[in-house]
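Notebook open, structure loaded. I want to go through the fold, the hollow spaces, a helix pair and a few odd residues.

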Amino acid sequence: MRSRRDVDVPTLVESARSGAPRAVARLISLVENADPALRDVMAALAPHTGRAWIIGLTGSPGVGKSTTTTMLVRAFRERGLRVGVLAVDPTSPFSGGALLGDRIRMGDHVLDPEVYIRSMATRGHLGGLAWATPQALRVLDGAGCDVIVVETVGVGQSEIEIAALADTTVVLLAPGMGDGVQAAKAGILEVGDVFVVNKADRDGADATVRELRHMISLGDRTEPGLWRPPVVKTMADRGEGADEALEGLDKHWARLQETGELRERRARRAAREVEAIVLARLRSRMGDLSRGSSLPEVADQVVEGTLDPYTAADRVLTELT
Ligand code: GDP
């Protein structure tokens, strides 16, 4: 791992801010590697962040996330916006190969200097999604992206986590597969700000839309004045439904700003981000403890029955902080 000395942080951040793709890529690699230079990077970026609209996109494998992202990127580019795409895979460990895969999938935009595409695998990372993703988002935000699409595979808790990171969360479903019911089970209904039923060319799309609308109407967001998530149909591979999807997204963005919810969501996000750093640091100090000082010793005492585990934990905590 590179040491802090090897990274010329001011120059790197300056290049990233001016939009140099290699500098942006290098900064995200620092995030992936949990490089000690990150501390200085984040300090240098902090005054330049907070501009980007972060859109989380989640859904089961094969539902059309990558295709939909491409469709959205095209639409945002037509508006002249600088766009970032962060594909987060919580199921695979770090691998350089994923980046290439995404570049191929996002073929349309590879050569566009106003589009940054990056994939990141977070399994096995300290703190995983919660630690690395917000920092990668900060890099893209600081690099002047107006919109960032964070794409993640909907498995386990990841959709809930991505919703906590995004300003606007898009839940992608496809007809059949009983996806609507799955959505309710997974708690996706609560986190989606916009629902997109992709593969609308397939049988059952209207039924899925109806089912979703029905379930949303049964939820706790039916009071007047509360945001009612729109449900739109798309055929992402043909670019159809892009306007409707964009309309839903724009309305939600406007709404976030009008109501002050944007600020609230971002404050919650920042709190989680700080928490993730605190936990990662505690975990790393725990590692030092188990090698060095008191943890093995108190563990022995717990075995002997001369110390109870709570008092042992108190001692370790005192030593950690
Ligand atoms: P992801 O795994 O969720 O990222 O899904 P992909 O974007 O890779 O799409 C999975 C497959 O579905 C690909 O073969 C796409 O071409 C296809 N696909 C995407 N959108 C549509 C659509 O609207 N209709 C149909 N029939 N296929 C689609």
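My entries follow, from the whole chain down to single residues.

**Entry 1: whole chain.** I'm working with a predicted model here. I started with the secondary structure and got 14 helices and 7 strands for the protein chain. Next I looked up burial: 47% of the 321 residues count as buried. Then I checked the contacts between residues at least 6 apart in sequence, and 76% of them join residues at least 24 apart.

**Entry 2: the cavity.** How many cavities of 30 Å³ or more does the structure hold? I found 1, and the largest cavity has about 40 Å³ of space in it. I noted its lining as Thr68, Leu72, Val170, Val194, Val196, Ala245 and Leu249. Helix H4 (65-78), strand S6 (194-197) and H11 are the elements that give two or more residues to that lining. By class I have 6 nonpolar residues, 1 polar and no charged in the lining of this cavity.

**Entry 3: His252.** I stayed with helix H11, which spans residues 242-259 and holds histidine 252. Is this histidine buried or exposed? Its relative accessible area is 2%, so I put histidine 252 down as buried, the cut-off for that being under 20%. I then listed what histidine 252 touches, leaving aside neighbours within four places in sequence: Asp167, Thr168, Asp193, Trp227 and Arg265.

**Entry 4: the largest pocket.** I moved on to the open space and read about 430 Å³ for the largest pocket. There are 14 residues lining this pocket, and the closest to its centre are Leu38, Arg39, Trp131, Ile277 and Arg281. Which helices each supply at least two residues of the lining? I got helix H3 (38-45), helix H6 (128-142) and helix H12 (261-291). The lining of the largest pocket splits into 9 nonpolar, 2 polar and 3 charged residues.

**Entry 5: H13 against H14.** I keep two numbers for a helix pair, because two packed helices are described by the angle between their axes and the distance between the axes. For helix H13 (residues 294-304) and helix H14 (residues 309-320), the axes come within 10 Å and cross at roughly 170 degrees. That angle makes H13 roughly antiparallel to H14, since the label applies over 145 degrees. On the H13 side I wrote down Ser294, Leu295, Val298, Gln301 and Val302, which meet Pro309, Ala312, Arg315, Val316 and Glu319 of H14. Sorted by class, this contact has 6 nonpolar, 2 polar and 2 charged residues.

**Entry 6: positive phi.** I went looking for backbone oddities, because most residues other than glycine have a negative phi. One of my hits is alanine 34, with a positive phi of about 50 degrees although it is not a glycine. I placed alanine 34 in the loop between helix H2 (21-32) and H3. How accessible is alanine 34, and what does that make it? It comes out at 27% relative accessibility, so I count alanine 34 as partly exposed.

My other hit is lysine 199, whose phi is near 60 degrees, again positive in a residue other than glycine. Where does lysine 199 sit? I found lysine 199 in the loop between S6 and helix H10 (205-218). At 21% relative accessibility, lysine 199 also goes down as partly exposed, because buried would need a value under 20%.

Technical notes
Residues are numbered from 1 along each chain as its sequence is written. This is a predicted model: local features need pLDDT of at least 70, side-chain atom pairs count only at pLDDT 80 or more; totals for chains, interfaces and linings use all residues. Side-chain values use heavy atoms; hydrogens and water are left out. Helices (H or I, at least four residues) and strands (E, at least two) are DSSP runs, numbered from the N terminus. Buried means under 20% relative accessible area, exposed over 50%, partly exposed in between (1.4 Å probe, protein chains only). Contact means heavy atoms within 4.5 Å. On a 1 Å grid over the protein atoms alone, a cavity is a set of points where a 1.4 Å probe fits but cannot get out, and a pocket is an open set with protein on both sides within 12 Å along at least five of seven lines; lining residues have an atom within 4 Å of a point. Grid points are joined across faces, edges and corners, and a volume is the space filled by probe spheres set on the points. Ala, Val, Leu, Ile, Met, Phe, Trp, Tyr, Cys and Pro count as nonpolar, Asp, Glu, Lys and Arg as charged, and the others, Gly among them, as polar. Axes are lines fitted to C-alpha atoms, for helices over the stretch in contact, and angles run from 0 to 180 degrees between N-to-C directions. Angles under 35 degrees count as roughly parallel, over 145 as roughly antiparallel, 65 to 115 as roughly perpendicular and the rest as oblique.
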